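Hello, and thanks for sharing this one. Below are my notes as numbered points, which you can follow with the structure open beside you.

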Amino acid sequence: MPKIAFLTPAEDYPEDCSWSFQPQADALRARGATVDGIRWTEAGDLSGYDLIMPLLTWGYHLRYPQWLDFLDRLERERLPVVNPPELLRWNSDKAYLAELPSHGVSTIATVAVDACSDGDLEEARQRFGKQEIVVKPPVSAGAWGTYRLAAGERLPDDLQGQRVIIQPMIDSVVTTGENSLLLFDGELSHAVVKRPKPGDFRVQPSLGGSTVRCDPPPGSEALAKAALAAAPAHATYARIDMVEGEGGQLMIMEMELIEPALFLGEAPEGTPAFVNAVLSAAERARE
């Protein structure tokens, strides 16, 4: 049976990852796999592993140059990584959202700006036809550096002159929530809806958001698969986040292909599909 390296956060990363690592590792071990947790920032020789998974590389956005160097190393050493480095690199920078519409994928409007100023915010407001916007770094996670700006509000000091992406504020995030579809080897496993706490727009549990299992909204599976088809490589695991626009259409909010929460606790019926996808990837890597 395969020997799998689960890449985990740097030692100084403040959040505990055991709640995510343990259920996933236990599910794989129950099927005979060996699973080792290894800090991605301290990973030495990985050649002895049948599969390397970056599912818990939380905080990579805080060490982005080191992260890119690490992906280069994985490619250079031709290590068996899922998801593959090509896909991880592409997904690390949220500017990919601006590419998806050219593939016919319904996506939240996204403007990427290299050195943002207040003038760029006003241009984006005019383009969107909406005064309330969301601004964030293109390399971020967990709503880090994300701001909701009302009409006339200026760019926060920490984003002045920085690379950012600008999007319209989508009201349904607050009213009905953000849907996440989990797919393993491209097939739908389960879905959840994430809602922010009252008075907030961020859905992350660490910020008070809630997550519950749900049925996938009509059309969401097709949209998730279309988004994955636009990605540059096959995804063994994927979480596709989407929201409902003002006209009722579903739009991609995010494609989480690096270290997504898989919400197996909320939808334990998805665990076999997760394990099967990982073991199949390990088997393919040995061929």
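1. Let me begin with the helix pair α2 and α3, keeping in mind throughout that this is a predicted model. Helix α2 passes α3 in a left-handed crossing. The residues that make this contact are Tyr 64, Trp 67, Leu 68, Leu 71, Asp 72, Leu 74 and Glu 75 on the α2 side, with Pro 85, Glu 86, Leu 88, Arg 89 and Ser 92 on the α3 side. Sorted by class, the contact of α2 with α3 comprises 7 nonpolar, 1 polar and 4 charged residues.

2. How do the axes of these two helices run? Those of α2 and α3 come within 9 Å and cross at roughly 160°. An angle over 145 degrees counts as roughly antiparallel, and α2 and α3 are therefore roughly antiparallel to each other.

3. Please look next at the aromatic residues. The structure holds 9 aromatic pairs, and one of them joins Trp 67 to Phe 70. Their rings are 6.4 Å apart, centre to centre, with 35° between the planes, and the pair is tilted. Trp 67 and Phe 70 both belong to helix α2 (residues 64-76), and because they are 3 residues apart there, about one helical turn separates them. Are they buried or exposed? Both Trp 67 and Phe 70 are buried. They also belong to one aromatic cluster, together with Trp 40 and Tyr 60. Trp 67 is thus worth a second look, as this residue is also listed in the contact between α2 and α3.

4. The loop between α2 and α3 deserves a careful check of its backbone. Arg 78, which lies in this loop, has a positive phi of about 50° although it is not a glycine. Arg 78 counts as exposed because its relative accessibility is 75%. Asn 83 is found in the loop between α2 and α3 (85-92) as well, and the peptide bond leading to Asn 83 from Val 82 is cis, with omega near -5°.

5. Phe 263 is another residue other than glycine with a positive phi, here near 55°. Where does Phe 263 lie? Its place is the loop between β12 (250-256) and α7. With a relative accessibility of 11%, Phe 263 counts as buried, whereas Arg 78 counts as exposed.

6. Now to the helix pair α1 and α7. Helix α1 (residues 18-29) packs against helix α7 (residues 271-286) at an angle of about 65°, and their axes are 10 Å apart. That makes α1 roughly perpendicular to α7, and the crossing of the two is right-handed. On α1 the contact is made by Gln 24, Ala 27 and Leu 28; on α7 it is made by Thr 271, Phe 274, Val 275, Val 278 and Leu 279. Which classes of residue are found here? The contact of α1 with α7 has 6 nonpolar and 2 polar residues, and no charged ones.

7. Arg 31 can be read alongside the previous point. This residue is found in the loop between α1 and β2 (34-39). Leaving aside neighbours within four places in sequence, Arg 31 is in contact with Met 1, Val 275, Asn 276 and Leu 279. Val 275 and Leu 279 are also among the α7 residues in contact with α1. The C-alpha atoms of Arg 31 and Val 275 are separated by 8.0 Å, with these positions 244 residues apart along the chain. Arg 31 has a relative accessible area of 41% and is partly exposed.

8. Ser 180, in strand β8 (residues 178-184), has 0% relative accessibility and so counts as buried. Apart from neighbours within four places in sequence, Ser 180 is in contact with His 190, Ala 191, Val 192, Lys 194, Arg 239, Ile 240 and Asp 241.

9. Last comes Asp 171, in the loop between β7 (164-168) and α5 (172-175). At 38% relative accessibility, Asp 171 counts as partly exposed. Once neighbours within four places in sequence are set aside, Asp 171 is in contact with Lys 130, Glu 132 and Glu 246. Its C-alpha atom is separated by 32 Å from that of Arg 63, which is 108 residues away along the chain.

How values were computed:
Residues are numbered from 1 along each chain as its sequence is written. This is a predicted model: local features need pLDDT of at least 70, side-chain atom pairs count only at pLDDT 80 or more; totals for chains, interfaces and linings use all residues. Side-chain values use heavy atoms; hydrogens and water are left out. Axes are lines fitted to C-alpha atoms, for helices over the stretch in contact, and angles run from 0 to 180 degrees between N-to-C directions. Helices (H or I, at least four residues) and strands (E, at least two) are DSSP runs, numbered from the N terminus. Angles under 35 degrees count as roughly parallel, over 145 as roughly antiparallel, 65 to 115 as roughly perpendicular and the rest as oblique. A crossing is left-handed if the near helix is turned anticlockwise from the far one by less than a right angle, and right-handed if clockwise. Contact means heavy atoms within 4.5 Å. Ala, Val, Leu, Ile, Met, Phe, Trp, Tyr, Cys and Pro count as nonpolar, Asp, Glu, Lys and Arg as charged, and the others, Gly among them, as polar. Rings of Phe, Tyr and Trp (its six-membered ring) pair if their centres lie within 6.5 Å; planes under 30 degrees apart count as stacked, over 60 as edge-to-face and the rest as tilted. Buried means under 20% relative accessible area, exposed over 50%, partly exposed in between (1.4 Å probe, protein chains only).
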